[in-house]
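Subject: The structure, and some notes on it

Hi there,

Here is the structure I said I would pass along. Have a look at it first, and then read on for what I found.

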Amino acid sequence: MAVEQPVPTAPGDQTRIHNIGYRTYDGPRLGRAYARRSLYSQSLRGAYGLGRSVKSKVLPMLLLVVMCVPAAIMVAVAVATKANDLPVDYTRYAIIMQAVISLYVASQAPQSVSRDLRFKTVPLYFSRPIETADYVRAKYAALASALFILTAAPLLVLYAGALLAKLDFADQTKGFAQGLVSVTLLSLLFAGIGLVIASVTPRRGFGIAAVIAVLTISYGAVSTLQAIADAQGTSDSIAWIGLFSPITLIDGVQSAFLGAQSAFPGGIGPTKGEGVVYVVVALGLVAASYGLLMRRYKKVGL
């Protein structure tokens with residue numbers, strides 16, 4: 001018995017054109033400036049886990065609390081004992097809490113840039129009006145702003161407590177302003193170093209380890225060499241050794257120009273002339289960090 005075979009149809013007979021409603025965008029074109037501001041705000045929010053999962057908020061918020069709690073305790077002691085001054089100068093606070101600051105940079109710098117590298121989303125940013133300079137500036141400014149919040153918040157607690165304790169208004173305002181200048185430079189320097197290191201690898205874990213290593217090992221090595229120089233009586237070299245660590249750079253600048261007490265061995269900070277070298281090196285590192293980030297993302301965006 002013959003079996004009826006289906007008659008093949010031409011491919012064109014099965015073709016259908018469906019109108020699924022795509023329309024052109026007729027709204028306003030907000031341009032590069034809006035894209036840059038959006039990237040900055042989202043990166044800043046991400047540095048504290050805002051708009052992300054609860055787990056992402058734990059570490060940055062915990063570190064912010066850790067930064068502020070000692071300041072609150074100092075204020076409480078000053079108010080309770082009716083002290084004539086705060087136990088710690090505004091410019092010294094960030095130096096004392098440098099381990100917390102380094103941990104924050106190590107955790108948030110890779111979060112800011114490593115995921116974009118790992119999932120190869122950087123070219124997608126550059127397919128829009130945003131350019132390499134916009135991306136780098138937004139990321140740099142966001143992390144620097146997050147660091148400024150981290151380091152300035154406890155200074156604000158100290159200042160408010162000092163006013164509540166009715167300490168001298170002029171002295172406290174001057175010290176508070178000097179502390180803000182110090183943490184501004186610290187934020188720019190640490191943000192640049194952290195982002196440069198984190199942008200080298202798309203692996204967040206590697207980035208965290210590398211940032212911690214650079215910040216802690218450099219400070220440990222410089223502090224050890226300074227202690228050896230002080231023990232051997234070659235105190236003239238102590239200031240020059242301090243140029244090789246980010247935290248001692250900040251210490252040298254503020255002790256030379258902001259009236260801060262130096263944490264160097266013997267409490268001997270750099271002179272005004274040496275302080276100029278410190279400022280030049282610190283600002284040079286900030287500029288170099290920006291330049292390295294630009295070169296890195298120009299290659300990634302190709």
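Below are my notes on the salt bridges and on one of the helices.

Please keep in mind as you read that this is a predicted model.

**Salt bridges**

The count of salt bridges comes to 4. Let me walk you through some of them.

Start with Glu131 and Arg32, which form a salt bridge with their closest N and O atoms 3.8 Å apart. Glu131 sits in the loop between helix H5 (122-126) and helix H6 (132-164), while Arg32 belongs to helix H1 (residues 31-47), so this pair ties together parts that are 99 residues apart in sequence. As for exposure, Glu131 has a relative accessible area of 42% and is partly exposed. Arg32 is partly exposed too, at 33% relative accessibility.

Next come Asp134 and Arg36, whose side chains meet in a salt bridge at 2.6 Å, N to O. Here Asp134 is in helix H6 and Arg36 in helix H1, so the pair ties together parts of the chain 98 residues apart in sequence. Is Asp134 buried or exposed? Asp134 is buried, with a relative accessible area of 0%. Its partner Arg36 is partly exposed, at 26%.

These residues also belong together: Arg32, Arg36, Glu131 and Asp134 are linked in a network of salt bridges.

Asp116 and Lys139 make another salt bridge, their side chains meeting at 3.7 Å, N to O. This pair links distant parts of the chain, with Asp116 in helix H4 (residues 98-118) and Lys139 in helix H6, 23 residues apart. Both Asp116 and Lys139 are buried.

**Helix H11**

The other item is helix H11, which covers residues 272-300. How does its length check out? At 1.5 Å a residue, its 29 residues should span 42 Å, and the C-alpha atoms at its ends are 42 Å apart, which agrees.

Which residues of H11 are buried? They are Glu274, Gly275, Tyr278, Ala282, Val286, Ser289, Leu293, Met294 and Tyr297. When you look at how that list is spaced, recall that an α-helix has 3.6 residues a turn, so residues three or four places apart point the same way.

And what covers the buried residues of H11? The cover includes H4, H5 and H6, along with helix H7 (169-198), helix H9 (238-241) and helix H10 (246-257). You have already met H4 and H6 above, as the helices that hold Asp116 and Lys139.

Happy browsing, and best wishes!

How values were computed: Residues numbered from 1 in each chain as written. Predicted model: local features only at pLDDT ≥ 70, side-chain atom pairs only at ≥ 80, totals over all residues. Heavy atoms only, no water. Helix = DSSP H or I, 4+ residues; strand = E, 2+ residues; numbered from the N terminus. Buried < 20%, exposed > 50% of the residue type's maximum accessible area, 1.4 Å probe, protein only. Expected span 1.5 Å × (residues − 1). Contact = heavy atoms within 4.5 Å.
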